[in-house]
There are 2 protein chains.
Amino acid sequence: MADVAAKAGVSRALVSIIFRGQPGASEETRQRVLRVADEIGYHPDSAARLLARGRSRTLGVMFTVHQTFHADLISGIYPEAERLGYDVLLSAATYDRSEAKAAEALLSHRCEALILLGPEAEAGYLDELGRRAATVSVGRRVPRARVDFVHSAEGKGVHQAMEHLVELGHRRIVHIDGGRSPGSAERRRAYRAAMRRHGLEAEVRVIPGQHTEESGIESGRLFLAERDQGQALPTAVLAGNDRCAWGLLMALTRAGVDVPRDVSVVGYDDSHLSHLMPIGLTTVRQDATLMAEHAVRFAVERLENPELEAREAVLDPKLVVRGTSGKAPETTA
Amino acid sequence: MADVAAKAGVSRALVSIIFRGQPGASEETRQRVLRVADEIGYHPDSAARLLARGRSRTLGVMFTVHQTFHADLISGIYPEAERLGYDVLLSAATYDRSEAKAAEALLSHRCEALILLGPEAEAGYLDELGRRAATVSVGRRVPRARVDFVHSAEGKGVHQAMEHLVELGHRRIVHIDGGRSPGSAERRRAYRAAMRRHGLEAEVRVIPGQHTEESGIESGRLFLAERDQGQALPTAVLAGNDRCAWGLLMALTRAGVDVPRDVSVVGYDDSHLSHLMPIGLTTVRQDATLMAEHAVRFAVERLENPELEAREAVLDPKLVVRGTSGKAPETTA
DNA sequence: TACACAGACTAGAGCGCGCTAGTAGAGCGC
DNA sequence: GCGCTCTACTAGCGCGCTCTAGTCTGTGTA
């Protein structure tokens, strides 16, 4: 920067002003400085910039690798952050890299705010994060914590899905849940409520699962094993999310079970692949772009006003009927 | 930091020493300082740290959202970077965020080295990046540029796949390529060579495609449309990568074409999902973990010795035969 | 006793910027 | 000529840390 200033015959301060795009420099000087900078190959160093102004204007996003829906969210976060003048840094949680590690990395790189995509860490830790930085959780409610929350109305989504299945004549509807994954508890609850509402308490069955393909496959195998022992297959399965639904679909198809003739399958997310499946996945759409925009806005607003109470954005999900749900087979149960 | 020092009754310098884990502080003081820091909630600020020591010890990784194989690579990058004492920052290219933007973000955050996963930007720009920072390209060769290169031997992989198909009796083997995507050119070349070697020049057919599910679906539709006009389906398809193979699979299955009875499909990558497909995708495995480790090591070695010539690591891929490839149908062509 | 030496610790410069408080000079009205 | 305002620009402190070059003590050695 000093070099640029020297070569352009101005002070460092003016170079700074120009690179920040602030008023206070003549158009002529501006052009000259920019040209010189380009020649020298000068790029402002954001570590120093960061240090100098108190603020980093950087949002940290924690996501989980392989979660398709997170990819959808990330695509939505960038443009909104840019619109509001913020930088974005990503940090991934993986099989052997904990969410805490991912979050700490972001924090130590001076992210002012954290956007956590489907965090599964314990509530206490998330609350701690909320105190250390403006924090937004997408998909996971963190009760009584200083953390904003963006999600879709899981209950409504499940409600729509269940109405759809019941209307198609299904009664033996099983739910594969998402374990401790964000949103799972609420989906589970809504499933139970719907079953009860339709007088199907006796049929309620929740299979412990996860939001992964593997989990769907495992559940599929379980159903098939049961069938081989004379038990009837469920006529419909409400999966914890799209990935799980996909795994289930794979397992069933592979075993010659026809979806939706024999079994209907409904997912959750409408992640970017679900319309690509063999017959198009019936699923509950969460609008990733909208959720991302809300998350970014929450983070920024909280930065501008740290006193804000923890807020919540609930977006309405929408059932998307595609090919994996159909009329219930003649039931013998 | 000053607070911690004051409260613990030592100098800032000593606190620094302790937080860097350097020798030069008694065990007793060390414990005391760490305890005080914990009470105050002090975390070292890496922007300042970064600025102070010339080096950031941070690797920047650029990837493309939704590329499953990139997720596999990222999972492998973290542990290796940590082992070598480096931090990792991610930046994603998306539909409307260019690779250049993603890379600049990393650079301006002081990443010392860039690891580009499957970059598609023009060679000139990559070369420029190579001059600005230690740069490693994974999957894409950048001739005559100051960029290290990690990839698998595309030729060998395709070779194996083609031998496999030919042995199964296939002759009408079509290749959906990956356009400008990394590795595509080489795969395309190897496909042509293999066809020629087996006297199948006349059957050579390369369909312009991309490394996306959509591309596979499109190609599938094309084949089906041709069939409806009386043309024969290919008996085998070598897709550009797994995602493309998957899309193709979906399109064919949806139309009632039986894989592998009617058409065999072979992918490329062995990305984390390919064994989960309905019948398990026959594909060419690239070892993501190994590739990631090489990439990190290249980056670090180049940082330690900037004079190093651009290097290349070629890993041997391996055909993984699963369920999507089978004997060629009785040919009428 | 004198001296070297290692271990524990500190003072203070400086990393590359942003920002506040300023100056210099031009233009204007009286 | 004066004071005023406005634009274009600058001096220099400080952000939170690292690192070099020390100081000071206590211990071993000639």
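**Entry 1: phosphate contacts of DNA strand C**

I looked first at Ser11(B), whose side chain places an N or O atom 2.6 Å from a phosphate oxygen of DNA strand C. The model is a predicted one, and I record the distances below as computed values. I then turned to Thr29(B): an N or O atom of this side chain is 2.8 Å from a phosphate oxygen of DNA strand C. I also looked for a contact to a base, and I noted Ala52(B), where a backbone N or O atom lies 3.3 Å from a base oxygen of the strand.

**Entry 2: elements near the strand**

I asked which elements give two or more residues to the surface near DNA strand C. I found α2 (12–19) and α4 in chain A, together with α2 (12–19) and α4 (46–52) in chain B. I recorded that α4(A) contributes the largest share of this surface, with four residues.

I counted 26 residues around DNA strand C, and the closest are Ser16(A), Arg20(A), Arg49(A), Ser11(B) and Thr29(B). By class, I sorted the residues of this surface into 13 nonpolar, six polar and seven charged. I next took the atoms of the strand within 4 Å of the protein: 68% belong to sugar or phosphate, and the rest to bases.

**Entry 3: extent of the interface between chains A and B**

I moved to the protein–protein interface, where 47 residues of chain A are in contact with 47 residues of chain B. I noted a buried area of about 4,200 Å² between the two chains, with carbon and sulfur atoms giving 60% of it. I then asked which three residues supply more than any other three of the area that chain A buries against chain B. They are His66(A), His109(A) and Leu276(A), which supply 15% of that area.

**Entry 4: polar pairs and composition of the interface**

I recorded four salt bridges between chain A and chain B. I looked up the one formed by Arg110(A) with Asp45(B), in which the closest N and O atoms are 2.3 Å apart. I also recorded 17 residue pairs in polar contact between the chains, counting pairs with both residues at pLDDT 80 or more.

For the side of chain A that touches chain B, I listed the elements that give two or more residues: α4 (46–52), β1 (58–64), α5 (68–83), β2 (87–93), α6 (99–108), α10 (213–228) and α11 (242–254) of chain A. I noted that α5(A) provides the largest share of this side, seven residues. I closed the entry with the composition of the same side: 21 nonpolar, 13 polar and 13 charged residues.

Terms used
Residues are numbered from 1 along each chain as its sequence is written. Chains are lettered from A and ligands numbered from 1 in the order in which they are written. This is a predicted model: local features need pLDDT of at least 70, side-chain atom pairs count only at pLDDT 80 or more; totals for chains, interfaces and linings use all residues. Side-chain values use heavy atoms; hydrogens and water are left out. Contact means heavy atoms within 4.5 Å. Buried area is the accessible area (1.4 Å probe) that two parts lose on being put together, summed over both. A salt bridge is a side-chain nitrogen of Lys or Arg within 4 Å of a carboxyl oxygen of Asp or Glu. A polar contact is a pair of N or O atoms within 3.5 Å; within protein, one must be able to donate a hydrogen and the other to accept it, and residues adjacent in sequence count only if both atoms are side-chain atoms. Ala, Val, Leu, Ile, Met, Phe, Trp, Tyr, Cys and Pro count as nonpolar, Asp, Glu, Lys and Arg as charged, and the others, Gly among them, as polar. A residue is near a molecule or strand if one of its heavy atoms lies within 4 Å of it.
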